[in-house]
Amino acid sequence: MKEKEKWLIEAGMKLFARKGVLATSIQEIATESGISKGAFYLYFDSKEDLLLAIFRYYYDLINTKVHEVGQHITDPKERFIRQLQVQLEEIEKHKEFIVMHAREHAIPFNQEIAEFVFTMRDEMFTFFRNHLIHMFGEERVQSYATDLTLLMQGMMQVFCEMMLLHNKPSDLGEAAAYMVQRIEHLLEGFERSGDKPIFESYSNNSMCLSYAAAPADPKQQLLQELHTIAKEASHTANDDHLRITLDVLIEELTANEPRLPLVEGMLYNLRNYETLAPIIEKVRNHFCTSSDSSK
């Protein structure tokens, strides 16, 4: 990875964590990175491309550290505790990434980002589940594996929130051991009571829903179409007027309250691009009509 690309990832992550993706402009990211706005496009086509790169960069960074520490530990329980400890340490070290993830994970900026976020969740679920099976033995834990995994993830989420909000717990090794011990007690409780697991029917399936299966949001679909047009323009058209107009239009439409005079001005700038007539009409119908009817 080039040094300037890493600067953009780190600067974007800090700004996204502080302000959110929608409220952060490409100019702000470029300024924070010490480069021009034009130079930004040498590395990323849009804020969404940068957001995806941030997810990939920090997810791979944390994942690599977690897997490296477990390579030379043979005892399954000891290995799981140590890997949980490293995971907590990396989360504490990269708090801004976790804050950014918490702020943005529910917003499907585009299908590629949504699918990657779901993949991260799926892999984390599988990571916990496989460790529990290796630690307790498949025959013993199989029926309760999914229930225990979800309970484990719930504890992990609470510990992460405590770290982010209250700087606790201070001893992350102790916290990791505590979680594993609680799961062991839960399994013993299931075995004593004979209670039927709630999520048994999901034990061999992904716990994450496909993004494609979710109902489409008309606004998000429209924004995604504009992003696609802008991305194609950045690669195929030597036309700064078109690229800048599309950038301003997209940034305005993603704001909580788009300024309609500015939107109309950008649409007017696009009037001579015949191929864009359908998308211009869609933007007017969705944003301008919606705003007029709400008055």
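**Notebook: burial, rings and charges**

I first looked up Phe 127, which counts as buried because its relative accessibility is 12%. For this term I used these cut-offs: buried is under 20% relative accessible area, exposed is over 50%, and partly exposed is in between, with a 1.4 Å probe and protein chains only.

I noted the ground rules before going on. The model is predicted, so I took local features only at pLDDT of at least 70 and side-chain atom pairs only at pLDDT 80 or more, while totals for chains, interfaces and linings use all residues. Residues are numbered from 1 along each chain as its sequence is written, and side-chain values use heavy atoms, with hydrogens and water left out.

**Entry 1: confidence**

I looked up pLDDT, the predictor's confidence in each residue, from 0 to 100. The protein has a mean of 82, and 85% of its residues reach 70 or more. I then compared the elements; helices (H or I, at least four residues) and strands (E, at least two) are DSSP runs, numbered from the N terminus. Helix 10 (residues 172–193) has the highest mean pLDDT, 95, and helix 11 (residues 218–236) the lowest, 71.

I also marked two stretches of low confidence. Over residues 208–215 the pLDDT stays under 50, and the model has 11 contacts (heavy atoms within 4.5 Å) for them beyond four places in sequence. Residues 291–295 are likewise below 50, and this stretch has one contact beyond near neighbours in sequence.

**Entry 2: aromatic rings**

I searched the whole structure for aromatic pairs and recorded 11. Rings of Phe, Tyr and Trp (its six-membered ring) pair if their centres lie within 6.5 Å; planes under 30 degrees apart count as stacked, over 60 as edge-to-face and the rest as tilted. One of the pairs is Phe 80 with Phe 128, edge-to-face, at 6.1 Å centre to centre and 65 degrees between the planes. Phe 80 is in helix 5 and Phe 128 in helix 7 (residues 111–136), so I noted a link between distant parts of the chain, 48 residues apart. Both Phe 80 and Phe 128 are buried.

Phe 128 also pairs with Phe 127, my starting residue; this pair is tilted, with 5.7 Å between the centres and 55 degrees between the planes. Phe 128 has a relative accessible area of 1%. Elsewhere, I found a cluster in which ring pairs link Phe 55, Tyr 57, Tyr 58 and Phe 97.

**Entry 3: Arg 79**

I looked up Arg 79 in helix 5 (residues 76–93). Which side chain of opposite charge is nearest to Arg 79? I found Asp 75, at 7.6 Å, and Arg 79 is buried yet has no salt bridge. Here Lys and Arg count as positive and Asp and Glu as negative, while His and the chain ends are not counted. A salt bridge requires a side-chain nitrogen of Lys or Arg within 4 Å of a carboxyl oxygen of Asp or Glu.

The side chain of Arg 79 does reach the backbone oxygen of Ile 73, at 2.7 Å. Not counting residues up to four places away in sequence, Arg 79 touches Gly 70, Ile 73, Thr 74 and His 131.

**Entry 4: salt bridges**

I counted seven salt bridges in the whole structure. Among them is Glu 90 with Lys 65, whose closest N and O atoms are 3.8 Å apart. This pair links helix 5, which holds Glu 90, to helix 4 (residues 47–69), which holds Lys 65, across 25 residues. Glu 90 is buried at 5% relative accessible area, whereas Lys 65 is partly exposed at 32%.

Lys 77 and Glu 184 meet in another salt bridge, 3.0 Å from N to O. Lys 77 is in helix 5 and Glu 184 in helix 10, 107 residues apart. I recorded Lys 77 as partly exposed, at 27%, and Glu 184 as buried, at 18%.

A further salt bridge joins Glu 191 and Arg 140, with the closest N and O atoms 2.7 Å apart. Glu 191 lies in helix 10 and Arg 140 in helix 8 (residues 138–141), so the pair ties together parts that are 51 residues apart in sequence. Glu 191 is partly exposed, at 38%, and Arg 140 is partly exposed, at 34%. I also noted one network, in which salt bridges that share partners join Lys 65, Glu 90 and Lys 93.

**Entry 5: Ile 250**

My last residue was Ile 250, placed in helix 12 (residues 240–253). Ile 250 counts as buried because its relative accessibility is 7%. Leaving aside neighbours within four places in sequence, Ile 250 is in contact with Leu 226, His 227 and Ala 230.

Note on methods. A polar contact is a pair of N or O atoms within 3.5 Å; within protein, one must be able to donate a hydrogen and the other to accept it, and residues adjacent in sequence count only if both atoms are side-chain atoms.
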